[in-house]
Amino acid sequence: MIVGQNYRIPRFMAVRLLTGSRSSHLFQTVTGNFANVIHGLNANHLTDQVIQRSKRMILDTLGVGLLGTSTEVYHKVKQYSKIYSSDISSTIWGHLDFRLPPLYAAFVNGVAVHSMDFDDTWHPATHPSGAVLPAVIALSEAFPQKKKISGLDLLLAFNVGIEVQGRLLRFSNEARNIPKRFHPPTVVGTIGSAAACAKLLALDQVKCKNTLAIAASYAGAPLANAATQTKPLHIGNAAKHGLEAACLASQDLQGNKQILDMESGMGAFYTDYSPQSLPTLQSYAWLLDQQDVAIKRFPAHLGTHWVADAASAVRRKLIESSDNLLPLDKIEKVIVKVPEVKYVNRPNPNSEHEARHSFQFVACSALLDGSMSVQSFASENIHRPALRELLCKMQLEHPADNKPSFESLYCEVTVVLQDGNTISDRCDTFYGHWRKPLKKEDLEKKFQSNASEVLPAEATEGIIETVYNLEKVKDCSILSMFLSGQSARAVSEKLRLL
């Protein structure tokens, strides 16, 4: 079975049983412990809450990925990827007539997920789903028809990938804050994607260790490319490289067997790296049970969501005494109190990607409009005179108690009027944060709004129904069929012929 352009994996992955002293030697390292857990976790370990939370993550990720197929950066990487071909191919979301080899399907769909910075965010900080879901969906389509991948298989692999990311992030206190050097999905996302694909391929413990080692050599990208068209490539590469690592390990390519244990291994990405063993399989506790994700209401850096809610609240107070119009000419200055996060401090954004990473832009936009949306980042809105005028009055402050952590940061917006009066509001937890999660109906509205930009209503509803019942789906290829835009009737006919 061809998974990429140049190499082949077996149709069935035999599980190597390791016993006795060899087994104890294998698992005495953190890397070996991870390999054991990746190999050993099964569907019975999944809890109801993990299943429900992960299905919300999957639905949201598919929606933002479908919407992302309309972006400029997506079209550039799609055009580039057309140079690759294979006799095995996977779905490109939102396209009936265009498929790619699984590696490049994972890459292109991953770029789409992050192309607008609309995907979920976890704590410690990373975008967990976009690095994993495109990879496991692309891989699931590469198996022979007689080896069907069930929805439960997909859910388990997805959750293994999420779990590995969360565990690695907890090996560093530095990782608990908003990052300063590396973009987290390029580090832990690559490893998580690899772990998820290793799980779906049913790799044995030795090959799981090699998968982690290979993936680590693909990991890492600097934050300097934040707010550019290159940043979405981080998620696409994490998905692609994780899948590639698992495929190479399936061919017995070997790497350092202690990659997670060493300062020169995963420790190279964190100055305070301190690896630990995972819980035992007998009583495994999933991090997703303990820590939900944040799901965004508009496409921008998560830190700006506190700003949007605080600024919108200030606007409501302002217009109460101004005939429902923002008294722009009466505003002396706007003070926004946020943590010091250099790559989201952009006083004069000139592109949609810079605007998505600008505390100042989101504060001004929310003050002018009362809310944020996909359209807030259209060129005509970024460059409108009223917003540019308000940007000139913007002032950021960084209180000492406002730490750069998605768990504890806050935003306070104060508008100082020319007559000396001030109007303020503060946001400690925005709607969509894990402490205040989106209601089911609001998550569905977000998905439908995003997906309807590229898919017919029947396919959109088919995805919702499939994801909500994923643990009961016998053949998850139905999800890929809906993602390509096929109707329920066409999907039923194809499944009947399989």
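Helix α3 is mostly covered, with 18 of its 21 residues buried, where buried denotes under 20% relative accessible area, exposed over 50% and partly exposed in between, for a 1.4 Å probe and protein chains only. The model is predicted, so local features need pLDDT of at least 70 and side-chain atom pairs count only at pLDDT 80 or more, while totals for chains, interfaces and linings use all residues. Residues are numbered from 1 along each chain as its sequence is written, and side-chain values use heavy atoms, leaving out hydrogens and water.

Helices (H or I, at least four residues) and strands (E, at least two) are DSSP runs numbered from the N terminus.

An open sheet of four strands follows the order β4-β3-β5-β6 with mixed pairing; two strands pair if DSSP finds at least two bridges between them. Its edge strands, β4 (394–397) and β6 (422–427), each pair on one side only. From one strand to the next, the twist averages 15°. Strands β5 (residues 411–417) and β6 run antiparallel and are joined by six bridges, and C411 stands opposite C427 in β6.

Two helices pack on the sheet, contact being heavy atoms within 4.5 Å. Angles run from 0 to 180 degrees between N-to-C directions, and axes are lines fitted to C-alpha atoms, for helices over the stretch in contact.

| Helix | Strands touched | Angle between directions |
|---|---|---|
| α12 (residues 303–320) | β3 (331–337), β5 and β6 | about 145° with β6 |
| α14 (residues 359–369) | β3, β4 and β5 | about 125° with β4 |

Elsewhere, the axes of helix α17 (residues 440–451) and helix α18 (residues 457–468) come within 10 Å and cross at roughly 140°. The contact involves residues including F447 of α17 and I463 of α18.
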